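Please open the model in your viewer and keep the selection tool at hand. This tour goes from one selection to the next and says what is found at each stop.

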Amino acid sequence: MKLKPIIILSCVLLLTSCVKVWNQMSELKPLEDYSTQNANIQEKNVMDAKITFINDKTIDGKIRGQKNIIYGFLNETSINKFLQIYDKTGKKEYIYFQLLKEMTIKDYSGNERRFVNRGSEYKSLQENFYDGKIKWFREYYNNAYDGSVQITDHFINEKNQEVNVGTFNSIKNKLKEITSSKPELSSKIDNTSTFDKETVIRILKEYEQ
């Protein structure tokens, strides 16, 4: 039974490797062909997306992601590396994330979310939660054993210092580290018990003051 998740993940990776993924701008159709505002696409799990390519051209298109089979929310790893994008005829193609500069989507819960390409040293698009003196990015990836979605949070301050929060790090300690130039925030962070998205953004906004 323990081998089952590995087998399933291996099959998914094998199937993905058999799909042609465009990884050069020259392989794409004219970008206006991916503008699907008036296209009638009836497939499930389609999301509206505003996509800016690396040539700085932007289109309003539609992409397809996967839903969590239990809760129905977006599986971020289904859109952050290989993107399923529709053309105006409803045909679906796969493109590599490095062709994108950034992408804003409306997910299955109706939330607007922004994903950015941070450069060739990164392996996927990262979600941008906050863009101020401190920038907050979240990286999504699959667990190699069971395929579950894992995250690493990246905080970068105005001095380009970066701290990362993964499975074995404390977000409390890392927030204190990235905001150390304002020691008055340290006690507020220590007295915070829950570090959800809204709370972390509130702390980052206080850093701006």
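Which residues are linked with Asp 107 and Arg 113 in a network of salt bridges? Select Glu 76 and Glu 127 together with Asp 107 and Arg 113, and the linked set is complete. A salt bridge here is a side-chain nitrogen of Lys or Arg within 4 Å of a carboxyl oxygen of Asp or Glu. Before going further, note that this is a predicted model, in which local features need pLDDT of at least 70 and side-chain atom pairs count only at pLDDT 80 or more, while totals for chains, interfaces and linings use all residues. Residues are numbered from 1 along each chain as its sequence is written, and side-chain values use heavy atoms, with hydrogens and water left out.

Within the network, the side chains of Arg 113 and Asp 107 meet at 3.2 Å, N to O. Both Arg 113 and Asp 107 are buried, where buried means under 20% relative accessible area, exposed over 50% and partly exposed in between, with a 1.4 Å probe and protein chains only. The structure holds 19 salt bridges, and two others are visited below.

**The sheet**

Now colour the strands. Helices (H or I, at least four residues) and strands (E, at least two) are DSSP runs, numbered from the N terminus, and two strands pair if DSSP finds at least two bridges between them. You should see an open sheet of 11 strands with mixed pairing, in the order β1-β7-β6-β3-β2-β8-β9-β10-β11-β12-β13. At its edges stand β1 and β13, each with a single partner strand, so one side of each has no neighbour in the sheet. Further in, β2 (46-53) runs antiparallel to strand β8 (residues 100-106), to which 5 bridges join it; select Thr 52 and you will find Glu 102 as its bridge partner in β8.

**Strand β7 and its partners**

Select strand β7, residues 92-96, and compare its faces: Glu 93 and Ile 95 make up the covered face, whereas Lys 92, Tyr 94 and Tyr 96 make up the uncovered one. Strand β1 (residues 21-22) pairs with β7 in the parallel sense over 2 bridges, and there Val 21 has Tyr 94 as its bridge partner. Strand β6 (residues 82-86) is antiparallel to β7 and joined to it by 5 bridges, with Leu 83 opposite Ile 95. Between β6 and β7 the hairpin has 5 residues, and Gly 90 there takes a positive phi near 95 degrees.

Stay on Glu 93, which forms a salt bridge with Lys 29, the closest N and O atoms being 2.0 Å apart. Glu 93 lies in β7 and Lys 29 in the loop between β1 and β2, so the pair ties together parts that are 64 residues apart in sequence. Glu 93 is buried, with a relative accessible area of 8%, while Lys 29 is partly exposed at 25%.

**Two asparagines in loops**

Next select Asn 45, in the loop between β1 and β2, whose phi is positive, near 60 degrees, although the residue is not glycine. Asn 160, in the loop between β12 (149-156) and β13 (162-165), likewise has a positive phi, near 65 degrees, and at 65% relative accessibility it counts as exposed.

**Helices α3 and α4**

Finally, select α4 (197-208), which lies across β10, β11 and β12 and runs at about 45 degrees to β10; axes are lines fitted to C-alpha atoms, for helices over the stretch in contact, and angles run from 0 to 180 degrees between N-to-C directions. Among its buried residues are Val 200, Ile 203 and Leu 204, and the buried residues of α4 pack against β10, β11, β12, α2 and α3, contact meaning heavy atoms within 4.5 Å.

Lys 188 forms a salt bridge with Glu 206, the closest N and O atoms being 3.0 Å apart. This pair links helix α3 to helix α4 across 18 residues; Lys 188 is partly exposed at 48%, and Glu 206 is buried at 17%. End at Thr 192, in the loop between α3 and α4, which counts as buried at 11% relative accessibility and is in contact with residues including Lys 172 and Arg 202.

Conventions
Lists of a residue's contacts leave out its neighbours within four places in sequence.
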